[in-house]
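The following exercises introduce a structure through its sheets, loops, core and contacts. Each task is followed by a solution in steps.

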Amino acid sequence: MLKEGQVRIPSGCAISGIFCKSGKRMSGEAIIESIRIMHDRSNGLGGGFAAYGIYPEYKDYYAFHVFYDNHEAKKDCESFLERHFDIINLSKIPTRKIPQITDEPLIWRYFVTPLHTKLAESQLDEDEFVVKCVFRVNTEINGAYVFSSGKDMGVFKAVGFPEDVGRFYRLEEYEGYCFTAHGRYPTNTPGWWGGAHPFALLDCSVVHNGEISSYDANRRAIEMYGYKCTLQTDTEVIAYIYDYLKRKIGLTELEIASVIAAPFWQTIERMPKEQRQRAEYLRNVFAGQLITGPFSILVGFDGGLMALNDRLKLRSMVIGEKDDMVYMASEECAIRIIQPELDRVWSPRGGEAVIVTLDEAAKAAYQSRA
Amino acid sequence: MGIAYIYPPYEVVRNKDRCIGCRVCERQCANEVHHYSEEAGCMMADESKCVNCHRCVSLCPTRALKIVKTDHTFKENANWSGKAIQEIYRQASTGGVLLSSMGNPEPYPIYFDKILLNASQVTNPSIDPLREPMETRVFLGKKPKQIKRDKNGNILPQNTPHLELSMPVMFSAMSYGSISYNAHESLARAARELGIYYNTGEGGLHEDFYQYGANTIVQVASGRFGVHSDYLDTAAAIEIKMGQGAKPGIGGHLPGTKIVGDVSRTRMIPEGSDAISPAPHHDIYSIEDLRQLVYSLKEATNYEKPVIVKIAAVHNVSAIASGIARSGADIIAIDGYRGGTGAAPTRIRDNVGIPIELALASVDKRLRDEGIRDDVSIVVGGSIRSSADVFKAIALGADCCYIGTASLLALGCHLCRSCHEGKCNWGIATQRPDLVKRLNPDIGSQRLVNMLTAWNHEIKEMMGGMGINSIESLKGNRLMLRGIGMTEKELEILGIKHAGE
């Protein structure tokens, strides 16, 4: 059977996210419970989590989470990493043996910073250098796969039901201000761990429910800007689009949402002149980044979380708020199970981005903490 | 007669029981096929003059007429077809180059017909275009590489010169001279009503049509006929014609007999003089020269209008397109080997160039591989026959399609391929006033609008069926295509999978 990336696999899914605006750190317990309740939306062929604010002691270093098929791949990858990075710390990612999760690869974590000489030589900024290195490992080192590469955040994913994946990775032992989760329902899968979600690049992570009809148009457009879609999944291409628009073009989250789930022309025509001109401009310039077909996504980024539906809202998505907490999930039950009392619950409209970020005080605290 | 005799290819079949002797057929046929015989007391036909244009058939009030292919035959020969034999007879008689009109009719593969589309089932819903917005608006031109913001951080919409279309189809270049005043008026009015563009071709722009300038693409070809500053200023875009799919590598020749009255004025050449477009532009012998013309035209129009460079699809089309993309052009138009013409040497038309599907796929890929696909839009033509062809072209990577033959068919053309004779009974490819007036621009433009409105409905249905609600998400979306009955190599060039994969 072909591995993920050699074949395109459509899938349905469940997603959930929890965000604390005041920056209070919480354990991974709640997110596991939230995604567990939507058990029937996944089929045991992939689950995963992204967690933000979990590595305060290493917050200035890129945290690489890597799957290895074998020791040979590990050796090759580590030698590559040593040539390009200062490795501050490395260890196995702690896991718990449970019968529901089997066939695990070697799972390692590295806290790294680019070697000054290599960075200067490459004439790239730090982030771009890291992205290039991640792509090189994933495409050139057989059996090695970097699935998380941001600072002060990490992705944990596997083949299995998401609640089992959470227990496998001992997620309850991590503390962060934001968690997202994904349960996968692929229509067929070779069961490769790298193919599970979230998909992440630098600090941006994406969990996604849907099957986008614009996939190949988006893929071919984004590959022109140096990205390589090795997994052939919607989530991967959405993550790259987000990264491109944010890091390379400099769009804000709200502008990114209005590119990938662009307002309809009939809506644009009713806008006041200046707003209309900007909306027209974005649709013209970033036509290749428009995403059509059903999707609901949660995009985690440094200090924030964005929920977005396709412009027709062909996938469910509910938002709940309670004090400084914001919950986003495919179904309301996934929110109620962890927070029965909510100040507000609503379903955002198609194409309407819900963006939450850390309060100023929390942001400052995260930046200054050691 | 005798050694030079060629048996007429068509027979005019008249049902004597139905014929009422009204003589409409006689009045309508510019080729003088029909006449009334006092002696016999009935209509007679000289089928040797018949071009099979169906004018008489269409206007016969009693349906007494039909045209059939003759069953007169040579001795069967798989190698020496009747056509091949007769062409030799013709050349042996005249010593001339064979001339033909309209696109290559030979039985080469038609790749559009070997491509199938996808549709949504279960995992992703199809979208009903009658209930939900379904968007077909496209922009042609360079995409800005960066965004700029004002001091409050708002994005400044600094658009590069571009064209905006309500749907991804335009009328391709057909000159005033090769087609009639009324045909041009029909195209211009339809373009305006549809929110798309028509193209003047290389014959200049009649002063009556300056009012349609906002929907007009003006052409600058090797003969430079009718090019002056008002002409450039009036247009929405300027097209440099480097080549034409029906006759790659050669120029054009409009005989002096057609250079009469307004045609002569519009082309800015004396009445009765032949209008000869040289094979190359004599100021463009290489790519760096093209760059100079592109920038001369931009300079002349204050960098406000997009410049299109039109080329014929030839073997190394992707390398040529890459050069054009780097020459400052905003749009590349590629014309496939089945593209139409008002007249071309038969051997050139039927043997030179490559299919547009393959040219498009390789150009789109090459420009993406080089990272310059955003620097140009791609428009393809020759031959786009239906909304399905448009759809497949967009999914292969085109931004827009040019239609020529299809638009003439909407105006009444019956594809008799005799344009070069100048006696078009439908009032399209002729300058004879009595024939031109047969084409009513009110009706002509309405029929063009009808056709493209129908196509747009069909495009929306197909998009909706695959769960796409905006045309930009179809562009280059080759995963929505599958080939059928193709070789590995053909699939590789088209960048698509085989059906079942």
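**Exercise 1. A sheet and its helices**

Task: Determine which strands of chain A helix α4 (residues 126-140) lies across, and describe the sheet to which these strands belong.

Solution. In this predicted model, helix α4 of chain A lies across β4, β6 and β7 of chain A. Its direction makes an angle of about 140° with β7(A).

The next step is the sheet itself. Four strands of chain A form an open sheet in the order β5-β6-β4-β7, and the pairing is antiparallel. At the edges stand β5 (85-92) and β7 (144-148) of chain A, each of which pairs on one side only. On average, neighbouring strands of the sheet are turned by 30° against each other, direction ignored.

A second helix also packs on this sheet: α2 (residues 71-84) of chain A touches β4, β5, β6 and β7 of chain A. The direction of α2(A) makes about 10° with that of β6(A).

Finally, consider one strand pair. Strands β4 (residues 62-68) and β6 (residues 106-114) of chain A run antiparallel and are joined by seven bridges. In this pair, Y62(A) stands opposite V112(A) in β6(A).

**Exercise 2. A tyrosine in a loop**

Task: Decide whether Y174(A) is buried or exposed, and identify its contacts.

Solution. First, locate the residue: Y174(A) is in the loop between α5 (162-168) and β9 (175-176) of chain A. Second, apply the cut-off. A residue counts as buried if 20 or more other C-beta atoms lie within 10 Å of its own. Y174(A) has 22 C-beta neighbours inside 10 Å and is therefore buried.

Third, look for partners, leaving aside neighbours within four places in sequence. Y174(A) is then in contact with S27(A), G28(A), A51(A) and I54(A). The C-alpha atoms of Y174(A) and A51(A) are separated by 8.2 Å, although the two residues are 123 apart along the chain.

**Exercise 3. A covered helix**

Task: Establish how many residues of helix α8 (residues 253-260) of chain A are buried, and against which elements they pack.

Solution. Six of the eight residues of α8(A) are buried, which leaves the helix mostly covered. These are E253(A), I256(A), A257(A), S258(A), V259(A) and I260(A). The buried residues of α8(A) pack against four elements of chain A: the helices α7 and α10 (273-285), and the strands β14 (304-309) and β18 (354-357).

**Exercise 4. Backbone features in loops**

Task: Find where cis peptide bonds join H197(A) to P198(A) and G382(B) to S383(B), and examine the positive phi values of N52(B) and M268(B).

Solution. The bond between H197(A) and P198(A) is cis, with omega about 5°. P198(A) belongs to the loop between β10 (178-186) and β11 (199-201) of chain A. From G382(B) to S383(B) the peptide bond is likewise cis, with omega near 5°. S383(B) is placed in the loop between β20 (377-381) and α11 (387-396) of chain B.

Turning to phi, N52(B) has a value near 65°, positive in a residue other than glycine. Its loop runs between β3 (42-45) and α2 (55-59) of chain B. N52(B) counts as partly exposed because 18 other C-beta atoms lie within 10 Å. M268(B) has phi near 60°, again positive in a residue other than glycine. The loop of M268(B) lies between α6 (261-267) and β16 (275-277) of chain B. With 14 other C-beta atoms within 10 Å, M268(B) is also partly exposed.

**Exercise 5. Core, chains and domains**

Task: Describe the largest nonpolar core, then the contacts between chains and between domains of chain B.

Solution. The largest nonpolar core has 259 residues, of which I332(B), I334(B), L360(B), V379(B) and C401(B) touch the most other members. Its largest share, eight residues, comes from helix α7 (residues 234-248) of chain A. Among the residues touched by I332(B) are V309(B), A321(B) and V376(B), with residues up to four places away in sequence not counted.

In the contact between the chains, 32 residues come from chain B and 30 residues from chain A. The side of chain B consists of 13 nonpolar, ten polar and nine charged residues.

Within chain B, the assignment gives domain 1 (2-96) and domain 2 (138-148 + 164-498). The C-alpha centres of these domains lie 34 Å apart. Nine residues of domain 1 of chain B are in contact with seven residues of domain 2 of chain B. On the domain 1 side, four residues are nonpolar, four polar and one charged.

Definitions and conventions:
Residues are numbered from 1 along each chain as its sequence is written. Chains are lettered from A and ligands numbered from 1 in the order in which they are written. This is a predicted model: local features need pLDDT of at least 70, side-chain atom pairs count only at pLDDT 80 or more; totals for chains, interfaces and linings use all residues. A nonpolar core is a set of buried Ala, Val, Leu, Ile, Met, Phe, Trp, Tyr and Cys residues joined through C-beta atoms within 7 Å. A residue is buried if 20 or more other C-beta atoms lie within 10 Å of its own, exposed if 12 or fewer, and partly exposed in between; C-beta atoms are placed from the backbone. Helices (H or I, at least four residues) and strands (E, at least two) are DSSP runs, numbered from the N terminus. Two residues are in contact if their C-beta atoms, placed from the backbone, lie within 7 Å. Ala, Val, Leu, Ile, Met, Phe, Trp, Tyr, Cys and Pro count as nonpolar, Asp, Glu, Lys and Arg as charged, and the others, Gly among them, as polar. Domain bounds come from an automatic or database domain assignment. Two strands pair if DSSP finds at least two bridges between them. Axes are lines fitted to C-alpha atoms, for helices over the stretch in contact, and angles run from 0 to 180 degrees between N-to-C directions.
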